Amino acid sequence: MSYNKEDYVRIKTEFSQKYIRARERAQARRNELHAKIPEVWEIDRLLSKTGMEIMEAITKGGVDTESRIAAIRKRNEALQAKRGELLRAGGYPETYSDVQYECRRCGDTGYVDTVMCECMKRALVLAGYESSGLGGLIRTQSFDNFSLEYYRSSDPREYEAMQRYVTWLQQFAERFEKDTYQNWLLVGATGLGKTHLSTAVAKTVIERGFDVLYVTAVGMLGDFEAKRFGNGVEAKHDLSRYAEAELLIIDDLGTEMTNQFTLSCLYDVINQRINQRRCTVINTNLSYKELEARYSERITSRLLGEYRPLIFKGTDVRRQKIKKG
Ligand SMILES: Nc1ncnc2c1ncn2[C@@H]1O[C@H](COP(=O)(O)OP(=O)(O)OP(=O)(O)O)[C@@H](O)[C@H]1O
Ligand SMILES: [Mg+2]
Ligand SMILES: [Zn+2]
């Protein structure tokens with residue numbers, strides 16, 4: 001697991017703030033109790049000396065160390081009981097001034113010993129959804145609601161091919177590790193589930209704790225242009241993520257404008273990611289022929305050599321859904 005760095009820093013800060021706020025709230029309640037019930041103030045004063053007393057008992061040493069410590073414990077229990085009674089009599093719950101962390105397991109530190117707490121992992125996954133650029137797609141497109149029934153046609157090979165693709169992509173996503181290296185090229189006509197399946201892959205990989213970036217080719221090249229030409233438009237994503245995200249999904253390749261600049265950006269992203277063995281998924285409506293006509297040899301030879309092609313066939317699922325009503 002390696003998460004998006006910015007997300008990690010932000011969540012870590014949020015956690016330390018939560019931890020501080022919880023302690024401040026408890027302290028404010030103690031102060032309130034002390035002002036209202038002076039006996040509680042006296043009890044808390046005695047209780048706060050416990051650590052010191054135990055230290056003293058240990059330093060003194062001797063045969064009765066144990067019994068001295070036991071006596072301190074016993075006195076504390078009595079003080080606690082008395083404190084509880086006083087609070088109840090004053091109309092407060094006994095736990096009124098206890099520190100109330102949002103997460104009891106980690107006390108809002110995000111870690112239990114050195115292991116990241118589930119609550120922090122959850123926060124990071126949610127942040128990962130946000131920073132993936134997938135927006136609402138993450139809620140509507142998953143492996144769970146991807147149906148193979150749309151690929152039943154007169155040619156059973158269409159169904160069988162899709163069945164294989166789903167299995168491969170699901171395994172790829174569910175077994176994603178730091179050293180996973182596999183690129184995919186999803187090719188096919190409109191409405192056949194390329195975006196849906198790549199979103200499902202993204203979601204699964206984010207949930208495994210990796211940094212995923214989803215962009216359209218238009219959006220990605222727009223980011224590079226914004227940076228290069230500084231035309232007052234801000235890049236949507238930090239450009240370093242195009243090289244560093246552990247999984248990059250470039251959707252709708254072929255819908256962007258082609259010129260020297262966009263071609264060289266596209267080449268750089270594809271080439272860098274291959275060299276660094278980082279996984280990329282590219283979706284396109286273009287056939288191999290069309291890809292070759294549109295992109296330089298340097299780009300297409302990499303797509304052909306380093307990407308596993310998944311050719312989508314069938315009938316536009318958008319239209320099938322409309323027909324079904
Ligand atoms: N097998 C499927 N099961 C359920 N829903 C599907 C399936 N395939 C596609 N859809 C739905 O149909 C719509 C179109 O699919 P999607 O956007 O994935 O197509 P696409 O191949 O990316 O098309 P385009 O080339 O136009 O981008 C989406 O709403 C998607 O959720
Ligand atoms: Mg699509
Ligand atoms: Zn926790």
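The following exchange goes through the zinc site and the sheet of a predicted model.

Me: What makes C103, C106, C117 and C119 donors of the zinc ion (ligand 3)?
Reply: Their SG atoms are at 2.3 Å from the zinc ion (ligand 3). Donors are N, O and S atoms within 2.8 Å of the metal, so these SG atoms qualify. Along the chain the donors have the spacing C-x2-C-x10-C-x1-C. C103, in the loop between α4 (65-89) and β1 (111-112), and C119, in helix α5 (residues 118-131), are 16 residues apart, a pair that links distant parts of the chain. Both C103 and C119 are buried.

Me: Why is the site of the zinc ion (ligand 3) called tetrahedral?
Reply: The angles among the four donor atoms are 103 to 113°. Four donors count as tetrahedral if all angles lie between 85 and 135 degrees, so the label applies.

Me: What makes β5 and β6 paired strands?
Reply: Five bridges join β5 (residues 247-253) to β6 (residues 279-284), and the two run parallel. Pairing requires at least two bridges, so the two strands pair. I250 has I282 in β6 as its bridge partner.

Me: Why is one side of β4 and of β7 left without a neighbour in the sheet?
Reply: The open sheet has five strands in the order β4-β5-β6-β3-β7, with parallel pairing. β4 (212-216) and β7 (307-312) are at its edges and each has a single partner strand, so one side of each has no neighbour there. On average, neighbouring strands of the sheet are turned by 15° against each other, direction ignored.

Me: Which strands does helix α11 lie across?
Reply: Helix α11 (residues 260-275) lies across β3 (183-188), β5, β6 and β7, at about 145° to β5.

Terms used
Residues are numbered from 1 along each chain as its sequence is written. Chains are lettered from A and ligands numbered from 1 in the order in which they are written. This is a predicted model: local features need pLDDT of at least 70, side-chain atom pairs count only at pLDDT 80 or more; totals for chains, interfaces and linings use all residues. Side-chain values use heavy atoms; hydrogens and water are left out. Donors are N, O and S atoms within 2.8 Å of the metal (3.2 Å for Na, K and Ca); water is not among the atoms, so sites may look incomplete. Four donors count as tetrahedral if all angles lie between 85 and 135 degrees; four count as square planar and six as octahedral if opposite donors are over 155 degrees apart and all others between 65 and 115; anything else is irregular. Helices (H or I, at least four residues) and strands (E, at least two) are DSSP runs, numbered from the N terminus. Buried means under 20% relative accessible area, exposed over 50%, partly exposed in between (1.4 Å probe, protein chains only). Axes are lines fitted to C-alpha atoms, for helices over the stretch in contact, and angles run from 0 to 180 degrees between N-to-C directions. Contact means heavy atoms within 4.5 Å.
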